[in-house]
Amino acid sequence: MRLLVLGGTHFVGRAVVETALARGAEVTTLNRGVSRPAEAAVTSIIADRTDPEALRRAVDGREWDAVIDTWSGAPRVLRDSCGLLADRAGHYGYVSSRSVYRWPMPLGGDEQAPLVDGDPDADDSDDYAVTKRGGELAVLREFGDRALLARAGLVLGPYENVGRLPWWLRRIERGGRVLAPGDPGRPLQYIDARDLAGWMLTAAERGVGGAFNAVSHSGHTTMGELLEAAVKVTGSKAELVWVAPEVLDEAGISPWIELPIWLPDDAEYGGMHDSDVSAAHNTGLSCRPIQETVSDTWAWLQAEGDPLLRPDRPRPGLDPAKERQVLDGLA
């Protein structure tokens, strides 16, 4: 397969490139060339895709079987990219997000759940949900049923530049009493970036199109299993202290940001870890054990150090003083 990856140097894009190369694909990346260098086996095109003329020159005279795109910026950029590539590529895989569903996400919701409004021609990216939906519409307008919309939820694994799992690993590495949120049996729904990459590549090979909730089944792992795996791989003597959601709420501690990955199991947040994912799994999506994701993420942190976090996302993690205050206040 001749594959074009728009980006290809960070997190999911990097996982796509490495997975595609391992499968024997001919991989081309297109990016600005300002972060990590391209893999040796990759054909690297240096261009700023936000400049339509620069992008046109970069792709002129080239063709690919498939494109995979992780863009999270203005939908207008996706519109321009898809317009130039519609006659140069057979398939377009877009890494979208379950954020495109109207909040709160319904329990057990599938791909037919209500969506936010989006504008494929918008030139701003202030609202993540609206931006991602606008991106979907831009892809669909040019590629139609040749487009795969991978509505990923929580993405974990090596190369994560949002910082959720890396924060937990570093916190547990420090040891001591660690504030663990809620019920250790709280089911989680997530996907390893490498599993997302593999599924999208298989979909490209098979010409699978449409919108899919691309995460694990709910309960593929639990919050307790994830944190216990982190304790094990770091070799830490940390003590996990499980704190009830109402205590966290009273202390003003926010889920997801201050306590990454975790969300309370209530009417507002429950759907984030309880979507219907049967459509994606029926097309071949499979998810590796959480222990492998945690172990490989820790190995990557040891090899490459902490990543430069994305500037467009809130910095995750709980202030140590706030953590101590809550733990000291427990009976």
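**Exercise 1.** Where is aspartate 127 found? Work out its place in this predicted model, then its exposure and its charged company.

*Solution.* Start with the chain: aspartate 127 lies in the loop that runs between strand E5 (89–97) and helix H4 (128–143). Next, take its relative accessibility, which is 41%. Buried means under 20% and exposed over 50%, so aspartate 127 counts as partly exposed at 41%. Finally, look around it on the surface: Asp119, Asp124, Asp126 and Asp127 gather there in a patch of negative charge.

**Exercise 2.** Stay with the loop between E5 and H4, and find the place of proline 104. Then describe the peptide bond that joins it to tryptophan 103.

*Solution.* Proline 104 sits in the loop between E5 and H4. Now check omega for the bond between tryptophan 103 and proline 104: the value is about 0°, and the bond is cis.

**Exercise 3.** Phenylalanine 11 has a positive phi, and isoleucine 261 has one too. Is each of them buried or exposed?

*Solution.* Take phenylalanine 11 to begin with. Its phi is about 40°, although it is not a glycine, and it belongs to helix H1 (residues 11–22). With a relative accessible area of 8%, phenylalanine 11 is buried. Turn to isoleucine 261, another non-glycine residue, with phi of about 80°. Isoleucine 261 falls in the loop between strand E15 (259–260) and helix H9 (278–282). At 0% relative accessibility, isoleucine 261 is buried.

**Exercise 4.** How many disulfides does a search of the whole structure find? Add the burial of cysteine 82 and cysteine 287.

*Solution.* The search gives 0 disulfides. Cysteine 82 is buried at 0% relative accessible area, and cysteine 287 is buried at 18%.

Note on methods:
Residues are numbered from 1 along each chain as its sequence is written. This is a predicted model: local features need pLDDT of at least 70, side-chain atom pairs count only at pLDDT 80 or more; totals for chains, interfaces and linings use all residues. Side-chain values use heavy atoms; hydrogens and water are left out. Patches are made of residues with over 30% relative accessible area and no salt bridge: like charges are joined within 9 Å, nonpolar side chains (Val, Leu, Ile, Met, Phe, Trp, Tyr) within 5 Å. Accessible areas come from the Shrake-Rupley method with a 1.4 Å probe; for residues, only the protein chains shown count as cover. A salt bridge is a side-chain nitrogen of Lys or Arg within 4 Å of a carboxyl oxygen of Asp or Glu. Lys and Arg count as positive and Asp and Glu as negative; His and the chain ends are not counted. The place of a charge is taken as NZ of Lys, CZ of Arg, CG of Asp or CD of Glu. Helices (H or I, at least four residues) and strands (E, at least two) are DSSP runs, numbered from the N terminus. Buried means under 20% relative accessible area, exposed over 50%, partly exposed in between (1.4 Å probe, protein chains only). A disulfide is a pair of cysteine sulfur atoms within 2.5 Å.
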